[in-house]
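The exercises below are meant to be worked through with the structure in view. Each one sets a task and is followed by a solution that goes step by step.

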Amino acid sequence: MTLSLPRTALSIAELDDLDHDGVIKFVRGLEEAGHRMVWIPEVAGREAFTTAALVLQFTERLIVGNGVARALERVPKSAASAARDLAAGFPGRYVLGLGVSGAVRERGVGPLPFLRDYLDGVEAILPRAVPRVLGAYSEGITRLAAERADGLLTFLVTPEHTRWARGTIGPDLFLSVVQWAVIGRSRAAARDVARERLAYYLTLPHQLAKLTRLGFTGADLAPPGSDRLVDALVACGQPDQVREALRQQYDAGATQVAVTLVGPLDDAKLDAYRALAEQEN
């Protein structure tokens, strides 16, 4: 199927730090501001499908994608059944996103064969009409997305990676790129904020391997990350300046750019979310 989704979206990691009522208030505020789609990463603290159900239930029009649900956390039947029910309960508003990390090697299998078999199990239950994307960086899983999914979702990548991904998957497959941004701070202050968030990812072998393939050196990747690394991965400045960084991802082949605003969820960040929505609408 050809996946048609809003040209811009958000990837919202803030939900990990919010309670039930806080999640509802936050996502309703995003919808009221004019945002049309959110991806929900599964990193820490929240389960992918129950969180997607919560956001869908308490918004009216917001499209919600798992971006991405970790395949190692549940068997294919569980993921497929949850996705089927969400798609049926909220027609046109749900996208299944799946991904797997190199941690799967501890089970004696590589990420590509694991995910290929996992999709076999998902497809036995989930109707093909339910859209699905894969989170990927490696060539093998990127090509698998083109063969077995409706799109590809990437994260913490440069426009050079986006250009490579587009060339790998072909001209038509949906490609969403998650772009980190810090709005309303100087570059030096933005780097400090970004490094707090980046620290975790600089401990993950699959993220380090991806960034190495993109040309970053050991010196760049040594915690807390070089200025060169941070500046390449994180847009900063006023909303217009951030929009320029998004344009570079579109020019490189992104169908959609999903913005992650890095930093604490304070009034300034909420204002930045509203400013982004105003520029889009």
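**Exercise 1.** How are H4 and H5 oriented to each other, roughly parallel or roughly antiparallel? Work from the packing angle, and then describe the residues that make the contact.

*Solution.* The model is a predicted one, and the step begins with the two elements themselves: helix H4 covers residues 111–123 and helix H5 covers residues 139–148. Their packing angle is about 20 degrees, and their axes lie 10 Å apart. Angles under 35 degrees count as roughly parallel, and H4 and H5 are therefore roughly parallel to each other. The next step is the handedness, and here H4 passes H5 in a right-handed crossing. On the H4 side the contact is made by Pro111, Leu112, Leu115, Arg116, Leu119, Asp120 and Glu123, while H5 contributes Gly140, Ile141, Leu144 and Arg148. Sorted by class, the residues of this contact of H4 with H5 are six nonpolar, one polar and four charged.

**Exercise 2.** Describe in the same manner how H6 packs against H11, giving the orientation, the crossing and the residues that meet.

*Solution.* Helix H6 runs through residues 159–169 and helix H11 through residues 239–252, and the two pack at an angle of about 25 degrees with their axes 8 Å apart. With the limit for roughly parallel set at angles under 35 degrees, H6 and H11 are therefore roughly parallel to each other. The crossing in which H6 passes H11 is right-handed. Turning to the residues, H6 brings Pro159, Thr162, Arg163 and Arg166 to the contact, where they meet Gln248, Gln249 and Ala252 of H11. The contact of H6 with H11 is made up of two nonpolar, three polar and two charged residues.

**Exercise 3.** Which residues of H6 are buried, and what covers them? Continue with His161 as a worked case, and end with the residue that follows the helix.

*Solution.* The buried residues of H6 are Pro159, His161, Thr162, Ala165, Arg166, Thr168 and Ile169. Their cover includes H5, E7, strand E8 (174–183) and H11. His161 has its place in helix H6, and with a relative accessible area of 5% it is buried, since buried means under 20%. Leaving aside residues up to four places away in sequence, His161 touches Tyr137, Thr154 and Leu214. A further step looks along the chain: His161 and Leu211 are 50 residues apart, and their C-alpha atoms are separated by 9.6 Å. After H6 comes Gly170, whose phi is positive, near 95 degrees.

**Exercise 4.** Examine the loop between E7 and H6 by way of Leu156 and Thr158, asking of each whether it is buried or exposed.

*Solution.* Leu156 is found in the loop between E7 and H6, and at 2% relative accessibility Leu156 counts as buried. Its phi is near 55 degrees, which is a positive value in a residue other than glycine. Most residues other than glycine have a negative phi. Thr158 is found in the loop between strand E7 (151–155) and H6, and at 5% relative accessibility Thr158 counts as buried. When residues up to four places away in sequence are not counted, Thr158 touches Leu214, Phe216, Ala232, Leu233 and Gln249.

**Exercise 5.** Inspect the peptide bond from Gly67 to Val68 and the one from Pro223 to Pro224, and say where each lies.

*Solution.* Most peptide bonds are trans. Gly67 and Val68, however, are joined by a cis peptide bond, with omega about 0 degrees. Val68 lies in the loop between strand E3 (63–66) and strand E4 (69–70). The bond from Pro223 to Pro224 is cis, with omega near 10 degrees, and Pro224 has its place in the loop between helix H9 (218–221) and helix H10 (227–233).

**Exercise 6.** Step back to the whole protein and judge how compact it is for its length.

*Solution.* The protein has 12 helices and 10 strands. Its radius of gyration is 18 Å, close to the 19 Å that the globule rule gives for 281 residues, so the protein is as compact as a globular protein of that length. Along the principal axes, the C-alpha trace spans about 50 × 45 × 35 Å. Buried residues make up 55% of the 281 residues. Finally, among contacts between residues at least 6 apart in sequence, 71% join residues at least 24 apart.

Key. Residues numbered from 1 in each chain as written. Predicted model: local features only at pLDDT ≥ 70, side-chain atom pairs only at ≥ 80, totals over all residues. Heavy atoms only, no water. Axes fitted to C-alpha atoms, helices over the stretch in contact; angles between N-to-C directions. Helix = DSSP H or I, 4+ residues; strand = E, 2+ residues; numbered from the N terminus. Parallel < 35°, antiparallel > 145°, perpendicular 65-115°, else oblique. Left-handed = near helix turned anticlockwise from the far one by under 90°. Contact = heavy atoms within 4.5 Å. Nonpolar A, V, L, I, M, F, W, Y, C, P; charged D, E, K, R; others polar. Rg over C-alpha atoms; globule rule 2.2 N^0.38 Å. Buried < 20%, exposed > 50% of the residue type's maximum accessible area, 1.4 Å probe, protein only.
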